[in-house]
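Work through the exercises below with the sequence and the coordinates at hand. Each one sets a task and then solves it step by step.

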Amino acid sequence: MHSNPVAMRYWSTVPWEPENLAKAEEYLDRIDAGAEAGNLLQWAACTPSSEALIGTVTLYSICNEHRRCEIGYMLDQACWGRGLGRSMVRLAIAHAIGALSIHKIEADADPRNLASCRMLEALGFQREGLLRERWRTGGELQDSAIYGLVATDFKP
Ligand SMILES: CC(C)(COP(=O)(O)OP(=O)(O)OC[C@H]1O[C@@H](n2cnc3c(N)ncnc32)[C@H](O)[C@@H]1OP(=O)(O)O)[C@@H](O)C(=O)NCCC(=O)NCCS
């Protein structure tokens, strides 16, 4: 997924080179370190019929003092357009609000990433602002639409 330029079009980093396992290991190390520190949780998504990885959802910048976190997600392109993105992100939000007592969840999406923006809005997120030219990815400047969901906004 991280080496697919289509799926990575609006990500904050350029696509990984397909055979660059070191990059993947570095990424997994960061996930493990965040989990150990208690400020990041990532899930692998699979379908009920198979254990093959089809996506990931990540809660990060988890802040217990303010009961706040950010959310990121990536679904294999072969699975797009069937509501699976919404299903996996919904489960992570339910866990954040329920088990972790998170009150506020934020997401940063390129406003041109319509699938991501619509999915967030369908789950109850509100667009709270626009940060201009916040990312420079592969030489291209990208804006950030900042989305926020307070626990009572959630539409499971
Ligand atoms: C964002 C992502 C998880 C959405 O997953 P998905 O399963 O395809 O999304 P869904 O099928 O749940 O559809 C979400 C909504 O977007 C709409 N949508 C999907 N693709 C779209 C497109 N290309 N243009 C416009 N709308 C689109 C759907 O119709 C749906 O809207 P609706 O509920 O009003 O019908 C998936 O596209 C993805 O992984 N993209 C690459 C990684 C990425 O960009 N992550 C987010 C970084 S902020």
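**Exercise 1. Locate Glu133 and decide whether Glu133 is buried or exposed.**

Glu133 lies in strand β5, where helices (H or I, at least four residues) and strands (E, at least two) are DSSP runs numbered from the N terminus. This is a predicted model, in which local features need pLDDT of at least 70 and side-chain atom pairs count only at pLDDT 80 or more, whereas totals for chains, interfaces and linings use all residues. Residues are numbered from 1 along each chain as its sequence is written.

The next step is the neighbour count, for which C-beta atoms are placed from the backbone: a residue is buried if 20 or more other C-beta atoms lie within 10 Å of its own, exposed if 12 or fewer, and partly exposed in between. Glu133 has 10 other C-beta atoms within 10 Å, so Glu133 is exposed. Leaving aside neighbours within four places in sequence, the contacts of Glu133 (C-beta atoms, placed from the backbone, within 7 Å) are Leu141 and Asp143. Along the chain Glu133 and Lys155 are 22 residues apart, and their C-alpha atoms are separated by 30 Å.

**Exercise 2. Treat Gln142 in the same way: which strand holds Gln142, and is Gln142 buried or exposed?**

Gln142 belongs to strand β6. Its count of C-beta neighbours inside 10 Å is 22, and therefore Gln142 is classed as buried. Once neighbours within four places in sequence are set aside, Gln142 is in contact with Tyr10, Asp110, Arg134, Trp135 and Thr137. From Gly124, Gln142 is 18 residues away in sequence and 24 Å away in space, C-alpha to C-alpha.

**Exercise 3. Reconstruct the sheet and say which strands stand at its edges.**

Start from the pairing rule, by which two strands pair if DSSP finds at least two bridges between them. The result is an open sheet of six strands in the order β1-β2-β3-β4-β6-β5, with mixed pairing. The edges are taken by β1 (40-45) and β5 (126-137), each of which has a single partner strand, so one side of each lacks a neighbour in the sheet.

Now take individual pairs. β5 and β6 (residues 140-150) run antiparallel and are joined by eight bridges, and Arg127 has Tyr147 in β6 as its bridge partner. β3 and β4 pair in the parallel sense over three bridges, with Cys69 opposite Ile105 in β4.

Finally, follow the side chains along β4. In a regular strand the side chains alternate between the two faces of the sheet. In β4, Ile105, Ala107 and Ala109 point to one face and are buried, while Lys104, Glu106 and Asp108 point to the other and are not buried.

**Exercise 4. Describe the length and surroundings of helix α1.**

Helix α1 (residues 21-37) has 17 residues and spans 24 Å from its first C-alpha to its last. This is close to the expected 24 Å, the expectation being 1.5 Å times one less than the number of residues. The number of buried residues among the 17 of α1 is zero, so the helix lies largely in the open. Gly38 follows α1 and has a positive phi, near 85°.

**Exercise 5. How many residues surround the ligand, and which are the closest?**

With a residue counted as near if its C-beta atom, placed from the backbone, lies within 6 Å of the molecule, 20 residues surround the ligand, the closest being Trp80, Gly85, Leu114, Ala115 and Arg118. Two or more residues each come from β3 (68-75), α2 (84-98) and α3 (114-122). The largest share, six residues, is that of α3.

Key
Contact = placed C-beta atoms within 7 Å.
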